[in-house]
Amino acid sequence: MSELKYKVGDKVLIKDIGWYNDNKTMLGNVECGDALMTFEKARFCGKIVTISSISDVTDTYGIEEDNGLWKWTDEMFERLVERNGKTYPYKI
């Protein structure tokens, strides 16, 4: 288990569709730690989403925008956009 970068309530930017296309396998998946970036999840590429839950067991996140349906990992996120009302315009 590793230290997760983000907290519940954080707004994060999901990596762009170019990253997905450059890294996906023939099956349309990108391995990202304990989860896969799948074709279904790729529709969120380049979008800002909100962390809704954290699993310390699998080092994964849930996001509000998919109602916690899929697991997300640090590797799928480009950067923090907002935390506690403070915006982060650049990668930190």
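1. In this predicted model, ring pairs link Tyr6, Phe44, Tyr61, Trp70, Trp72 and Phe77 into a cluster. Across the whole structure, six aromatic pairs are found. One of them joins Tyr6 and Phe77 in an edge-to-face arrangement, with 5.6 Å from centre to centre and 85° between the planes. Tyr6 belongs to the segment before S1 and Phe77 to strand S6, so this pair ties together parts that are 71 residues apart in sequence. Both rings are on buried residues: Tyr6 has a relative accessible area of 7%, and Phe77 has 3% relative accessibility.

2. A further pair in the cluster involves Phe44 and Trp70. Their ring centres are 6.3 Å apart and their planes stand at 75°, so the pair is edge-to-face. Phe44 is in the loop between S3 and S4, while Trp70 is in the loop between S5 and S6; the pair therefore ties together parts 26 residues apart in sequence. Phe44 counts as buried at 6% relative accessibility, whereas Trp70 is partly exposed, with a relative accessible area of 23%.

3. The nonpolar core should be read alongside these rings. The largest such core has 22 residues, of which Met37, Trp72 and Phe77 touch the most other members. Two or more residues each come from S1, helix H1 (17-23), strand S2 (30-32), strand S3 (35-37), S4, S5 and S6. In soluble globular proteins, nonpolar side chains tend to be buried together.

4. Met37 merits separate inspection. Apart from neighbours within four places in sequence, Met37 is in contact with residues including Ile14, Trp19, Tyr20, Val30, Ala42, Trp72 and Met76. Cys32 and Cys45 are also among the contacts of Met37.

5. Do these two cysteines form a disulfide, or do they remain apart? The sulfur of Cys32 lies 9.6 Å from that of Cys45, its closest cysteine sulfur, which is too far for a bond. The search of the whole structure accordingly reports zero disulfides. Both residues count as buried, Cys32 at 1% relative accessibility and Cys45 at 12%.

6. The sheet is open and has five strands in the order S5-S4-S1-S6-S7, with antiparallel pairing. Its edge strands, S5 (60-63) and S7 (86-87), each pair on one side only. Strand S1 (residues 11-14) runs antiparallel to strand S6 (residues 77-83), and four bridges join the two. Leu13 has Arg79 as its bridge partner in S6.

7. Strand S4 (residues 48-55) pairs with S5 in the antiparallel sense over four bridges, and Ile51 has Ile63 as its bridge partner in S5. S4 and S5 form a hairpin with four residues between them. In the turn, Asp59 has a positive phi of about 55°. Although S5 is an edge strand, both of its faces are covered. Thr60 and Gly62 are buried on one side, and Tyr61 and Ile63 are buried on the other.

8. The structure holds one salt bridge. Asp10 forms it with Arg83, the closest N and O atoms being 2.6 Å apart. Because Asp10 lies in the segment before S1 and Arg83 in strand S6, the pair ties together parts that are 73 residues apart in sequence. Asp10 and Arg83 are both buried. The segment before S1 is thus tied to S6 through Asp10 and Arg83, and also through the ring pair of Tyr6 and Phe77.

Terms used. Residues are numbered from 1 along each chain as its sequence is written. This is a predicted model: local features need pLDDT of at least 70, side-chain atom pairs count only at pLDDT 80 or more; totals for chains, interfaces and linings use all residues. Side-chain values use heavy atoms; hydrogens and water are left out. Two strands pair if DSSP finds at least two bridges between them. Buried means under 20% relative accessible area, exposed over 50%, partly exposed in between (1.4 Å probe, protein chains only). A nonpolar core is a set of buried Ala, Val, Leu, Ile, Met, Phe, Trp, Tyr and Cys residues joined through side-chain atoms within 4.5 Å. Contact means heavy atoms within 4.5 Å. A disulfide is a pair of cysteine sulfur atoms within 2.5 Å. A salt bridge is a side-chain nitrogen of Lys or Arg within 4 Å of a carboxyl oxygen of Asp or Glu. Rings of Phe, Tyr and Trp (its six-membered ring) pair if their centres lie within 6.5 Å; planes under 30 degrees apart count as stacked, over 60 as edge-to-face and the rest as tilted.
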